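Reader: Hi! I'm new to reading protein structures and would love some company on this one. Could we look at it together?
Author: Happy to, let's bring it up.
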Amino acid sequence: MADAELAQKLARRQAFNEWVEGSPGPSPVMRHVFNPYTDFPEFSRKEIKEYEKTFKKYDVGADGFIDFQELKRMMEKLAAPQTHLALKEMIQEVDEDKDNKISFREFLLIFRKANAGDLTVDSGLDQLAKLTEIDVDQEGVGGAKSFFEAKIEEQKRGSKFEEEIRSEKKERIREEEERKQRKAAFLKKANFFGQAKA
């Protein structure tokens, strides 16, 4: 966790050092180096990867943004078509940089707002959040029930990322230890056969 924060600060410092007054685009003071894992600690790594998969699925142009037309197609595919005006309002509600497109960070904001209850009920973004959160038909009612129970349990746990990172670290340590043991066993056998020849 500390490494990620340090990397983020160093990247911000580098961007500031490279930015020249009068350069196009916002100054580094206004610009934020985006890291979904540190910027959205309320989501697990698995959730962020699922949201990213959904985002990429509808980012047809593969430019890192969902533009107006892509959002229109997305809502149609989700069986919740929107009017032209409603689509514009959806974008405006999360469009932090006012570029009239939804970046992955802004896409995650939709789910943050949905979880916090900050979306107008049955608005376009509310429908998008509900329709992309879980597919009840695919999971079944039991799957949906266990999904929401798991969600509640997950929110009770304090730092999900730290637990996941600790578990990944333990796994790497265990694998490294096994590798060392295999190498030691191999060297022991090699020495035994080397002595047997002599």
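Reader: Which residues are linked in a network of salt bridges?
Author: Asp39, Glu96 and Arg105 form that network. Keep in mind that this is a predicted model.
Reader: And how many salt bridges does the structure hold?
Author: There are 11.
Reader: Back to the network: what is the N to O distance between aspartate 39 and arginine 105?
Author: Their side chains meet at 3.3 Å, N to O. The pair links distant parts of the chain, since aspartate 39 sits in helix α2 (residues 36-39) and arginine 105 in helix α6, 66 residues apart.
Reader: Is aspartate 39 buried or exposed?
Author: Aspartate 39 has 13% relative accessibility, so it counts as buried; the cut-off for buried is under 20%.
Reader: Cool. Where do glutamate 52 and lysine 56 lie?
Author: Both are in helix α3, 4 residues apart, which is about one turn of the helix. Their side chains make a salt bridge at 3.6 Å, N to O. Glutamate 52 is partly exposed at 27% relative accessibility, while lysine 56 is exposed at 55%.
Reader: What about glutamate 76 and lysine 72, which helix are they in?
Author: Helix α4, and they too are 4 residues apart, about one turn of the helix. Their salt bridge is 3.3 Å, N to O. Glutamate 76 is partly exposed, with a relative accessible area of 41%, and lysine 72 is partly exposed at 32%.
Reader: New topic! Which residues of α7 are buried?
Author: In α7 (residues 124-133), those are Gly124, Leu125, Asp126, Leu128, Ala129 and Thr132. They pack against α3 (45-58), α4 (68-77), α5 (84-94) and α6 (104-116).
Reader: At what angle do α6 and α7 pack?
Author: About 95°, with their axes 10 Å apart. The two helices are therefore roughly perpendicular to each other.
Reader: Which residues meet there?
Author: From α6, Phe107, Ile110, Phe111 and Ala114; from α7, Leu125, Leu128, Ala129, Thr132 and Glu133. The residues of this contact split into 7 nonpolar, 1 polar and 1 charged.
Reader: Last one: which residues does the UniProt annotation "domain: EF-hand" cover?
Author: Residues 46-81 and 82-117, according to an unreviewed UniProt entry. Residues 46-81 are 64% helix and 6% strand, with end C-alpha atoms 28 Å apart. For residues 82-117, the span is 67% helix and 6% strand, and the end C-alpha atoms lie 21 Å apart.
Reader: Thanks, that helps a lot!

Terms used:
Residues are numbered from 1 along each chain as its sequence is written. This is a predicted model: local features need pLDDT of at least 70, side-chain atom pairs count only at pLDDT 80 or more; totals for chains, interfaces and linings use all residues. Side-chain values use heavy atoms; hydrogens and water are left out. Buried means under 20% relative accessible area, exposed over 50%, partly exposed in between (1.4 Å probe, protein chains only). Contact means heavy atoms within 4.5 Å. UniProt positions are given in the numbering used here, feature names are shortened, and annotations may be inferred rather than shown by experiment. Axes are lines fitted to C-alpha atoms, for helices over the stretch in contact, and angles run from 0 to 180 degrees between N-to-C directions. Angles under 35 degrees count as roughly parallel, over 145 as roughly antiparallel, 65 to 115 as roughly perpendicular and the rest as oblique. Ala, Val, Leu, Ile, Met, Phe, Trp, Tyr, Cys and Pro count as nonpolar, Asp, Glu, Lys and Arg as charged, and the others, Gly among them, as polar. A salt bridge is a side-chain nitrogen of Lys or Arg within 4 Å of a carboxyl oxygen of Asp or Glu.
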